[in-house]
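The following paragraphs lead the reader through one structure, element by element. Please keep the sequence and the three-dimensional view at hand while reading.

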Amino acid sequence: MVDLETSVMELLVHAGSARSSLLSALQLARRGQFAAAEVKLEEAKAGIGRAHGMQTELIGMDEGVGKIPVSLILVHAQDHLMNAMLIQDLATDMIELYRRLPQGQSND
């Protein structure tokens with residue numbers, strides 16, 4: 001079993017990295033750089049996948065009976081993951097909308 005502190009930190013790092021990649025993808029799409037935006041979306045997807053894996057591991061460690069103490073860093077890591085997942089959903093749609101704008105109409 002992986003150390004609890006290590007698992008929480010990995011969750012935080014992967015989720016935070018995914019969030020950053022998603023925000024970069026939005027900025028790139030806004031400038032019309034859709035290929036680069038897609039690369040960032042894929043990076044984010046991988047990061048969210050790794051973070052979700054860590055979350056699943058933590059849930060397994062907890063066994064639904066409160067074995068894992070709830071700490072501020074754990075809540076912070078969960079918050080990062082949920083924000084990254086929400087941004088991923090919104091970024092995917094927003095990038096598609098940017099694609100549909102006439103070239104030069106992104107208010108850059």
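**The loop residue E63 and the helices around it**

E63 counts as exposed, at 51% relative accessibility. In this description, buried stands for under 20% relative accessible area, exposed for over 50%, and partly exposed for what lies in between, with a 1.4 Å probe and protein chains only. The structure is a predicted model, in which local features need pLDDT of at least 70 and side-chain atom pairs count only at pLDDT 80 or more, while totals for chains, interfaces and linings use all residues. Residues are numbered from 1 along each chain as its sequence is written, and side-chain values use heavy atoms, with hydrogens and water left out.

E63 belongs to the loop between helix 2 and helix 3. Helices here are DSSP runs (H or I, at least four residues), numbered from the N terminus. The position of E63 is just after helix 2, and its phi is positive, about 55 degrees. This is a positive value in a residue other than glycine.

Helix 2 comes before this loop residue. The expected span of a helix is 1.5 Å times one less than its number of residues. For the 29 residues of helix 2 this gives 42 Å, and the end C-alpha atoms are 41 Å apart, which agrees. Its buried residues are A37, L41, A44, G47, I48, A51, M54, Q55, L58, M61 and D62. They pack against helix 1 and helix 3, where contact means heavy atoms within 4.5 Å. T56 is also found in helix 2, but T56 is partly exposed, at 43% relative accessibility. Its C-alpha atom is separated by 14 Å from that of T6, and the two residues are 50 apart along the chain.

Helix 3 covers residues 72-100. It has 29 residues and reaches 42 Å from its first C-alpha to its last, close to the 42 Å expected at 1.5 Å a residue. Which residues of helix 3 are buried? They are L74, A77, H80, L81, A84, I87, Q88, A91, I95 and Y98. An α-helix has 3.6 residues a turn, so residues three or four places apart point the same way. The buried residues of helix 3 pack against helix 1 (4-30) and helix 2 (34-62).

How do these helices lie against one another? Two packed helices are described by the angle between their axes and the distance between the axes. The axes are lines fitted to C-alpha atoms, for helices over the stretch in contact, and the angles run from 0 to 180 degrees between N-to-C directions. The axes of helix 2 and helix 3 come within 10 Å and cross at roughly 150 degrees. Helix 2 is therefore roughly antiparallel to helix 3, given that angles over 145 degrees count as roughly antiparallel, under 35 as roughly parallel, 65 to 115 as roughly perpendicular and the rest as oblique. On the helix 2 side, the contact is made by F34, A37, E38, L41, K45, I48, A51, H52, Q55 and L58. On the helix 3 side, L74, Q78, L81, A84, M85, Q88, A91, I95, Y98 and R99 take part. The crossing of the two helices is left-handed, a term used if the near helix is turned anticlockwise from the far one by less than a right angle, with right-handed used if clockwise.

The axes of helix 1 and helix 3 come within 8 Å and cross at roughly 20 degrees. Helix 1 is therefore roughly parallel to helix 3. This crossing, too, is left-handed. M9 lies in helix 1 and is partly exposed, with a relative accessible area of 37%. The C-alpha atoms of M9 and A77 are separated by 7.5 Å, although the residues are 68 apart along the chain.

Two residues of helix 3 also appear in an unreviewed UniProt entry. UniProt positions are given in the numbering used here, feature names are shortened, and annotations may be inferred rather than shown by experiment. The entry lists H76 under "active site" and also under "modified residue: Phosphohistidine". H76 is placed in helix 3 and is partly exposed, with a relative accessible area of 37%. For "binding site", the unreviewed entry lists D79. D79 is likewise found in helix 3, and at 42% relative accessibility D79 counts as partly exposed.
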